[in-house]
Amino acid sequence: MRTSYDVIVIGAGSMGMSAGAHLARRGISTLLIDAFDPPHGGGSHHGETRLLRHAYAGGGPYAAMAVRAHRLWSELEEERGRKLFFRSGVLNMAPAGHLGLRDKLESSAALQLPVELLRSQEIAKRWPGVQLPDDYAGLFEPEAGYLLSEQCVQAYRETALANRAALLPYTRVTEVVPWNAGVTVKTGVGDFHADCLIVSAGAGVGSVLLPSLALPVAPVRKAVAWFQADEALFTSERFPGFTLSTPDGGFYGFPSIQGSGVKIGRHETGLPLSPIEQPADFGTLPEDEGDVRRALETYMPAAAGALLRGGVCKYELSPDEHFIIDRAPYDPNIQIACGFSGHGFKFASVVGEILADRIEGKPDAFDLSMFRLSRFQEQQVESVR
């Protein structure tokens, strides 16, 4: 196996595999290294499905990036000849005055996205399985839906390898050594050299690979569960994906796809993990089922049937839950993509494109200033003042 490349990508999950595919398509020699064999269950991309929605709270480039990401997912579908995205629509539910709902409405208007603002009574009429308080509202995105996450990673893997990228699975990186004109990546199977490096290793990006940066990324165990539901109400042919803001926290979920049951997860909370620790199996904690079951019992009781199965994955949280997409401050040859905080998968296609553009020296297509690593140092200075 050759040992020198134009680019090495450490972490070939959602973002890394996408970057590798974009680079390889452009004729840039690329080596992808992963501690497992992607797609796999050791990161943030497994669990079958992820929402792809366009209306976004939080400001910045999110909504515009989501629109571009959707286009790139469609191109990947065409390239690989398989369906990766399903347009179920996404219903965002929250109290009528909720700040996040207002932000999503504003971001939709700015990009002229088709959305409907619905009262709780209108939601109950259109989707009788939903029972919201009278003071709730919903923003429905008819063009949104869900991605088959593991199949998306597999499709990008096939594209990368078809364009002569190399992949080293089950390979641990032991050290990253920058030098004048490039980077050396040390592994248990040898040393590899490249002009540029992309680090997209999820929860292990900080203390394991780039300890000198002290990246503020904290891995957290998250649980999701599938519940038996009234198929007449919750089948994917008639029920959308959803987000739900409640006094007990924020939830997200999916319709019953081919009788699989309604899938639901909670965005907040979660058990902290070490960077290399694998999360304990679903059911280890009572809240694995309890939190999400209570949400269904309150707002979608006909979807709160028997627990069909559960799963766990990792969030890699940044302190403000915004992404980190930046170059290493001590080396312009190292690009970092991490801290996707449980809402990043839908953007994997466009993040890969952004990273490939940066490797080629092209300007960013979006204003990514809110994703700079330096914001955390700036926040620390402000807190001292």
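**Exercise 1. Work out whether Arg157 is buried or exposed, and find its side-chain partner.**

Step 1. Arg157 has a relative accessible area of 18%, and so it is buried, since buried means under 20%. Keep in mind that we're working with a predicted model here.

Step 2. Now place it: Arg157 sits in helix H5, which covers residues 149-162.

Step 3. Look for a partner. The side chains of Arg157 and Asp37 are joined by a polar contact of 2.7 Å.

Step 4. Fill in the surroundings. Leaving aside residues up to four places away in sequence, Arg157 touches Met17, Asp37, Pro38 and Leu167. Asp37 thus turns up on the contact list and as the polar partner.

**Exercise 2. Describe the setting of His22 and list what its side chain reaches.**

Step 1. Start with the element: His22 belongs to helix H1, residues 14-25.

Step 2. Check the accessibility. His22 comes out at 5% relative accessibility, so it counts as buried.

Step 3. Go through the polar contacts. One is with the side chain of Arg25, at 3.5 Å. Another goes from the His22 side chain to the backbone oxygen of Ser349, at 3.1 Å.

Step 4. Now the wider contacts. With residues up to four places away in sequence set aside, His22 touches Leu72, Tyr156, Ser349, Gly352, Glu353 and Ala356. Ser349, whose backbone oxygen we just met, is on that list too.

**Exercise 3. Find which residues Leu101 touches, and how its C-alpha sits relative to that of Gly138.**

Step 1. Leu101 is part of helix H3, residues 99-110.

Step 2. Its relative accessible area is 5%, so Leu101 is buried.

Step 3. Take the contacts, again skipping residues up to four places away in sequence: Leu101 touches Asn92, Ala94, Pro95, Ala96, Ala137 and Leu139.

Step 4. Add the distance. Leu101 and Gly138 are 37 residues apart along the chain, and 7.9 Å separates their C-alpha atoms. Ala137 and Leu139 are among the residues that Leu101 touches.

**Exercise 4. Locate Gln131 and say what it touches.**

Step 1. Gln131 lies in a loop, with helix H4 (120-126) and strand S7 (136-141) on either side of that loop.

Step 2. Its relative accessibility is 47%, so Gln131 counts as partly exposed.

Step 3. Compare sequence with space: Gln131 and Ser120 are 11 residues apart in sequence, and their C-alpha atoms are 7.9 Å apart.

Step 4. Beyond residues up to four places away in sequence, Gln131 touches Thr298, Tyr299 and Pro301.

**Exercise 5. Zoom out and judge how compact the whole chain is.**

Step 1. Count the elements: the chain has 10 helices and 20 strands.

Step 2. Compare the radius of gyration with the globule rule. The chain's value is 21 Å, close to the 21 Å the rule gives for 385 residues, so the chain is as compact as a globular protein of that length.

Step 3. Get the dimensions. The C-alpha trace spans about 65 × 50 × 40 Å along its principal axes.

Step 4. Check burial and contacts. Of the 385 residues, 56% are buried. Among contacts with a separation of 6 or more, 74% are between residues 24 or more positions apart.

Step 5. Finish with the surface and the charges. The accessible surface comes to about 15900 Å², and carbon and sulfur atoms make up 51% of it. There are 36 positive and 45 negative side chains, and the centres of the two sets lie 3 Å apart.

How values were computed. Residues numbered from 1 in each chain as written. Predicted model: local features only at pLDDT ≥ 70, side-chain atom pairs only at ≥ 80, totals over all residues. Heavy atoms only, no water. Helix = DSSP H or I, 4+ residues; strand = E, 2+ residues; numbered from the N terminus. Rg over C-alpha atoms; globule rule 2.2 N^0.38 Å. Buried < 20%, exposed > 50% of the residue type's maximum accessible area, 1.4 Å probe, protein only. Contact = heavy atoms within 4.5 Å. Areas by Shrake-Rupley, 256 points an atom, 1.4 Å probe, with all protein chains shown as cover. Lys, Arg positive; Asp, Glu negative; His and termini not counted. Charge placed at Lys NZ, Arg CZ, Asp CG, Glu CD. Polar contact = N/O pair within 3.5 Å; in protein donor to acceptor, adjacent residues only side chain to side chain.
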